[in-house]
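Trainee: I would like to go through the empty spaces in this protein. Can we take them one by one?

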Amino acid sequence: MAQLSVSFLLALSLLAFTPLCFCNKYQGGNYLFPQYYDHSCPKAQEIVKSVVGKAVAREARIAASLLRLHFHDCFVKGCDASLLLDSIGQIISEKNSNPNRNSARGFEVIDEIKSALEKECPNTVSCADILALAARDSTVLRGGPNWVVPLGRRDSREASLSGSNNDIPAPNNTFQTILTKFKRQGLDIVDLVALSGSHTIGNARCTSFRQRLYNQSGNGQPDLTLAQAYAAQLRSRCPRSGGDQNLFFLDFVSPTTFDNSYFKNLLASKGLLSSDQVLVTRSGVSRGLVQKYAENNELFFEQFSKSMVKMGNISPLTGSRGEIRKNCRRIN
């Protein structure tokens, strides 16, 4: 009997050294896993979903804005919520970069989620994870795919204005430049085409595509890869000068529904941004992917989900690196 209890105690002590979570922690070299908050903040995902749901009910457009925040965060120094920091002291906010100034939005929704989470479980859920969850929930709420979000990112203590200006693909970048910016993050041409499909929801400002209507290559000529009747329609609200902030649907067919009509529009030469249309005009491989997704919504959803997880895995801060911010706008 004594021997039994000794071996039982030995087994117990061995168990103490095995991790409680038998999930696949090791993803892309980073310890992110979906059950990260199961014990420390079991209601975390529910709280994010609830606040995002109310925000999207108030304004459909906010879904695209929240999805874009995650993208613009991950492409600069990894998914570390650096984008959310306001300028203070040594920190120069990424919110003032060319890709974000006057266009990045949804910060108040993130604040609302954070304050609800701080009430429920203080100092536990990172702002970086909030961005990843809000992006997924926004997609689902507009009819898009659902995916399991690996969690455990921590928040950075710094921002990078230069990174934000240089690393985020711009609407007038060439296809090659855009692909290079994706490859720098460990993403490939399949991810590029699938993630561009997020432009099935949301808006762009006149200033983001004006050159296509009047002076695409600096020779005073419009972009001939844009359907001319569609271009004429756009010119009526996007003049040569003025109207910079006028908003246009990225996908005019189903602007608030997450679906594959974005890809069908590209095949009809009705992509709004130059960076959308080049997926069809500048690469046979990407054109083939556009055709596949235009024909098969399920295939697009499946790849979009995979690519979102892959993007969410870009250089997260884990372990003791970074911190869990109490307020997403400033370091602790």
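**Pockets and a cavity**

Mentor: Start with the largest pocket of this predicted model. By class, 23 residues of its lining are nonpolar, 16 are polar and 7 are charged.

Trainee: Which element gives the largest share of the lining of the largest pocket?

Mentor: The pocket has a volume of about 1100 Å³. Of its 46 lining residues, those closest to the centre are Arg 68, His 72, Pro 99, Pro 171 and Leu 273. Elements that give two or more residues include helix 7 (175–184), helix 12 (274–281) and helix 3 (62–74). The largest share, 7 residues, comes from helix 3.

Trainee: Which helix supplies the largest share of the lining of the second largest pocket?

Mentor: This pocket has a volume of about 270 Å³. Gln 216, Asp 223, Ser 274, Val 278 and Arg 282 are the closest to its centre, out of 19 lining residues. Helix 9 and helix 12 each supply at least two lining residues. The largest share is 4 residues, and they come from helix 12.

Trainee: How do the residues of that second lining divide into nonpolar, polar and charged?

Mentor: Take the classes in turn. The lining of the second largest pocket has 4 nonpolar residues and 3 charged ones. The polar residues number 12.

Trainee: Now the cavity. Which helix gives the most to the lining of the largest cavity?

Mentor: The search finds 1 cavity of 30 Å³ or more. About 60 Å³ of space lies in it. Its lining includes His 70, Trp 147, Arg 153, Met 308, Val 309 and Gly 312. With 3 residues, the most comes from helix 14 (residues 297–312).

Terms used
Residues numbered from 1 in each chain as written. Predicted model: local features only at pLDDT ≥ 70, side-chain atom pairs only at ≥ 80, totals over all residues. Heavy atoms only, no water. 1 Å grid on protein atoms, 1.4 Å probe; cavity = no way out; pocket = protein on both sides within 12 Å on 5 of 7 lines; lining within 4 Å. Points joined across faces, edges and corners; volume = space filled by probe spheres on them. Nonpolar A, V, L, I, M, F, W, Y, C, P; charged D, E, K, R; others polar.
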